[in-house]
Amino acid sequence: LINWDFIYQRKKSPYSSHGQILKFMKKPGKALDLGSSDGILTDSLNQKGIQSVCVDMVDEKKVKTDCLEYHQIDLERHDLLKFEREFDYIVLADVIEHVRNAPELMREIQKFLLEDGRIVVSVPNIATWFYRLSLLFGRFNYGDRGILDETHVRFYTLDTIKQLLERSGYVIKNIRPTCLPFELVFESIGNSKVLKFVDKMYYKLSSFWPAFFAYQFVLEAEIGSYSS
């Protein structure tokens, strides 16, 4: 079986999680980037007129880009997040699968989002065809990268990520699937026209049957009414 694991880095494909996240962030404003790594999205957000307040466990000296602010905080300690209701966007790009107290975190950060603000979340799809096939062959092997990253403490399907957001008090406005990370798997030919065509065709397939073909899901939501 093909190994789809990859090093976590900025993905340039418009059909990747990063590409889809940026499509949801259309207006200038201020974003809280939770789990920002070394500033993977900061430059792209700046280009859209969106200033980023970044939060992660990365040493501040390793943050490559200029965030408006950087806070070195473990998201398991969401009580340490001290912000006002000041953000047009809250971004969690491939983050909540790493967090044990994800429901608590999702409820807590609502108080930082402006009334008309949006939260944008991306998560890997554990039910994508590749892992269904792996299970058929009796394989469910963890590694240091990809969907079965050893640091992942939760797995999500399309239904379970929707449940998490809705039960945490959000109203989902849009959901986009993402492609398999062709540009990273085939790095040596990542800019080829053939691979870009395959990327586009796979996205259409993922849009047709996201629960089965999507590699990740990107969801846009707004604050609704909380229900337990």
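**Notes on a predicted single-chain model**

1. Start with the overall picture. Buried residues account for 51% of the chain's 228 residues. Keep in mind that this is a predicted model. Its secondary structure comes to eight helices and seven strands. The accessible surface is about 11,600 Å², and carbon and sulfur atoms hold 51% of that.

2. Now for how the chain folds back on itself. Take the contacts between residues at least 6 apart in sequence: 68% of them join residues at least 24 apart. So when you trace the backbone by eye, keep checking what sits beside it from elsewhere in the sequence.

3. Next, the sheet. What is the order of its strands? Reading across, you get β3-β2-β1-β4-β5-β7-β6, an open sheet of seven strands with mixed pairing. At the edges are β3 (69-72) and β6 (170-177), each of which pairs on one side only. From one strand to the next, the twist averages 20°.

4. Have a look at one strand pair in detail. Strand β2 (residues 50-56) and β3 run parallel, and four bridges join them. One spot to click on is Val 55, whose bridge partner in β3 is His 71.

5. Two helices to view against the sheet are α1 and α5. Helix α1 (residues 17-24) packs on the sheet and touches β4 (87-93), β5 (113-124), β6 and β7 (216-223). The direction of α1 makes about 25° with that of β7. Helix α5 (residues 158-167) also packs on the sheet, where it touches β5, β6 and β7. The direction of α5 makes about 150° with that of β6.

6. Stay with α1 for a moment. Is α1 largely enclosed or largely open? Seven of its eight residues are buried, so α1 is largely enclosed by the rest of the structure. The buried ones are Ser 17, His 18, Gly 19, Gln 20, Ile 21, Leu 22 and Phe 24. Their cover includes α2 (42-47), β4, β5, β6, α7 and β7.

7. Ser 17 makes a nice close-up within helix α1. Its relative accessibility is 0%, so Ser 17 counts as buried; the cut-off for that is under 20%. Which residues is Ser 17 in contact with, leaving aside its neighbours within four places in sequence? They are Lys 11, Asp 94, Ser 122, Thr 178, Gln 216 and Val 218.

8. Compare that with Pro 103, which is found in helix α3 (residues 102-108). Pro 103 counts as partly exposed because its relative accessibility is 25%. Setting aside neighbours within four places in sequence, Pro 103 contacts Arg 154, Leu 164 and Ser 168. Pro 103 and Gly 169 are 66 residues apart in sequence, yet their C-alpha atoms are 9.8 Å apart in space.

9. On to charges. Side chains of opposite charge can pair when their charged atoms come close. How many salt bridges does the structure hold? There are seven. In one of them, the side chains of Lys 30 and Glu 86 meet at 2.5 Å, N to O. Lys 30 lies in strand β1 (residues 29-34) and Glu 86 in the loop between β3 and β4, so this pair ties together parts 56 residues apart in sequence. Glu 86 is partly exposed, at 23% relative accessibility.

10. Another salt bridge is formed by the side chains of Glu 76 and Arg 100, at 3.9 Å, N to O. Why does this pair tie together parts that are 24 residues apart in sequence? Because Glu 76 lies in the loop between β3 and β4, while Arg 100 lies in the loop between β4 and α3. Glu 76 is partly exposed at 24%, whereas Arg 100 counts as exposed at 57%.

11. Two more items on the salt bridges. Asp 79 forms one with Arg 77, and their closest N and O atoms are 2.9 Å apart. Arg 118, Lys 173, Glu 220 and Glu 222 are joined into one network by salt bridges that share partners.

12. Last, a surface feature. Val 194, Phe 197, Val 198 and Met 201 make a nonpolar surface patch of about 360 Å². Met 201 sits in helix α7 (residues 193-208). With a relative accessible area of 33%, Met 201 is partly exposed.

Key: Residues are numbered from 1 along each chain as its sequence is written. This is a predicted model: local features need pLDDT of at least 70, side-chain atom pairs count only at pLDDT 80 or more; totals for chains, interfaces and linings use all residues. Side-chain values use heavy atoms; hydrogens and water are left out. Two strands pair if DSSP finds at least two bridges between them. Axes are lines fitted to C-alpha atoms, for helices over the stretch in contact, and angles run from 0 to 180 degrees between N-to-C directions. Contact means heavy atoms within 4.5 Å. Patches are made of residues with over 30% relative accessible area and no salt bridge: like charges are joined within 9 Å, nonpolar side chains (Val, Leu, Ile, Met, Phe, Trp, Tyr) within 5 Å. Accessible areas come from the Shrake-Rupley method with a 1.4 Å probe; for residues, only the protein chains shown count as cover. A salt bridge is a side-chain nitrogen of Lys or Arg within 4 Å of a carboxyl oxygen of Asp or Glu. Buried means under 20% relative accessible area, exposed over 50%, partly exposed in between (1.4 Å probe, protein chains only).
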